[in-house]
Amino acid sequence: MGTWDTGHFDNDTAADFSGDLDDAPEAERAAVIRNALNLVIATTDYLDSDEGAVAVAAAALVGSQCPGGEAVTTSYGPDKPLPVLPADLRPLAVKALDRVLGESSELRELWDDAGDEEWAQGIARLREVLVAAAS
């Protein structure tokens with residue numbers, strides 16, 4: 001995985017996901033996000049880092065529309081605006097983040113091995129926003 005920083009879109013896979021969202025018709029963008037989250041939630045085996053990176057980016061997009069959420073302002077995020085995302089994506093995003101932070105997650109292991117706590121702190125802040133908005 002080509003990673004250059006700890007942000008939710010600061011890796012090649014998340015940037016590619018943004019491009020996929022921009023390529024999708026506006027009416028299908030929420031479904032693209034939903035599919036990314038559901039793929040990670042449904043994975044019971046070892047979670048590949050690329051799938052985890054996409055789920056984190058998808059969760060960040062959901063979180064950006066929540067009260068207290070951070071806008072996605074990075075140039076690696078989607079260029080085209082997202083529609084208002086359904087509220088039922090919020091608990092899915094929490095579940096996906098929990099899976100990414102779980103024991104069988106390559107992405108978490110890579111960040112643990114790097115000894116960088118900033119990535120996990122960013123995920124925790126995003127998760128807090130999503131949990132509050134899902135309640």
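The paragraphs below lead through a predicted model, beginning with its salt bridges and ending with its largest pocket.

Side chains of opposite charge can pair when their charged atoms come close. A search of the whole structure finds 3 salt bridges, and each of them can be taken in turn. Arg34 pairs with Asp88, and the closest N and O atoms of this salt bridge are 3.0 Å apart. Because Arg34 belongs to helix H2, which covers residues 29–42, while Asp88 sits in the loop between H3 and H4, the pair ties together parts of the chain that are 54 residues apart in sequence. Arg34 counts as partly exposed, because its relative accessibility is 24%, and Asp88 is likewise described as partly exposed, because its relative accessible area is 42%.

The salt bridge between the side chains of Asp98 and Arg127 has an N to O distance of 2.5 Å. Here two helices are involved: Asp98 lies in helix H4 and Arg127 in helix H6, so this pair ties together parts that are 29 residues apart in sequence. Asp98 is partly exposed at 33% relative accessibility, and Arg127 is partly exposed at 29%. A reader who wishes to relate this pair to the salt bridge of Arg34 may note that the C-alpha atoms of Asp98 and Arg34 are 16 Å apart in space, although the two residues are 64 residues apart in sequence.

The salt bridge between Asp112 and Arg108, with 2.4 Å between the closest N and O atoms, is found inside a single helix. Both residues lie in helix H5, which runs over residues 106–114, and they are 4 residues apart, about one turn of the helix. Their surroundings can be set side by side, for Asp112 is partly exposed with a relative accessible area of 47%, whereas Arg108 counts as buried because its relative accessibility is 14%, and the limit for the buried class is under 20%.

Which charged side chain is buried yet has no salt bridge? That description fits Arg90, for which the nearest side chain of opposite charge, Asp88, is 8.6 Å away; a salt bridge would need the nitrogen and oxygen atoms to be within 4 Å. Asp88 has already appeared above as the partner of Arg34. Arg90 lies in helix H4, which spans residues 89–100. Not counting residues up to four places away in sequence, Arg90 touches Val62, Gln65 and Cys66, together with Leu130, Ala133 and Ala134.

Helix H2, which holds Arg34, is also the place of Ile41. Ile41 is partly exposed, because its relative accessible area is 29%, and, once residues up to four places away in sequence are set aside, Ile41 touches Leu92, Lys95 and Ala96. The C-alpha atoms of Ile41 and Leu97 are separated by 8.8 Å, although these two residues are 56 residues apart along the chain.

The loop between H3 and H4, where Asp88 was met, is also where Val72 is placed. Val72 counts as partly exposed, because its relative accessibility is 29%. Leaving aside neighbours within four places in sequence, Val72 is in contact with Phe9, Ala60, Leu61, Ser64, Gly77 and Pro78. For a further point of reference, Val72 and Asp5 are 67 residues apart along the chain, and their C-alpha atoms are separated by 15 Å.

The last part of this account turns to empty space. Rolling a probe the size of a water molecule over the atoms shows where empty space is left. The largest pocket holds about 380 Å³ of space. This pocket is lined by 21 residues, and those closest to its centre are Gly7, His8, Ala60, Glu70 and Ala71. One of these, Ala60, was named above among the contacts of Val72. Which elements give two or more residues to the lining of the largest pocket? They are helix H3, with residues 49–64, and helix H6, with residues 118–134. Of the two, helix H6 gives the most to the lining, with 5 residues, and this is the helix in which Arg127, the partner of Asp98, lies. Sorted by class, the lining of the largest pocket has 10 polar residues, 6 nonpolar residues and 5 charged residues.

Key. Residues numbered from 1 in each chain as written. Predicted model: local features only at pLDDT ≥ 70, side-chain atom pairs only at ≥ 80, totals over all residues. Heavy atoms only, no water. Buried < 20%, exposed > 50% of the residue type's maximum accessible area, 1.4 Å probe, protein only. Lys, Arg positive; Asp, Glu negative; His and termini not counted. Contact = heavy atoms within 4.5 Å. 1 Å grid on protein atoms, 1.4 Å probe; cavity = no way out; pocket = protein on both sides within 12 Å on 5 of 7 lines; lining within 4 Å. Points joined across faces, edges and corners; volume = space filled by probe spheres on them. Nonpolar A, V, L, I, M, F, W, Y, C, P; charged D, E, K, R; others polar.
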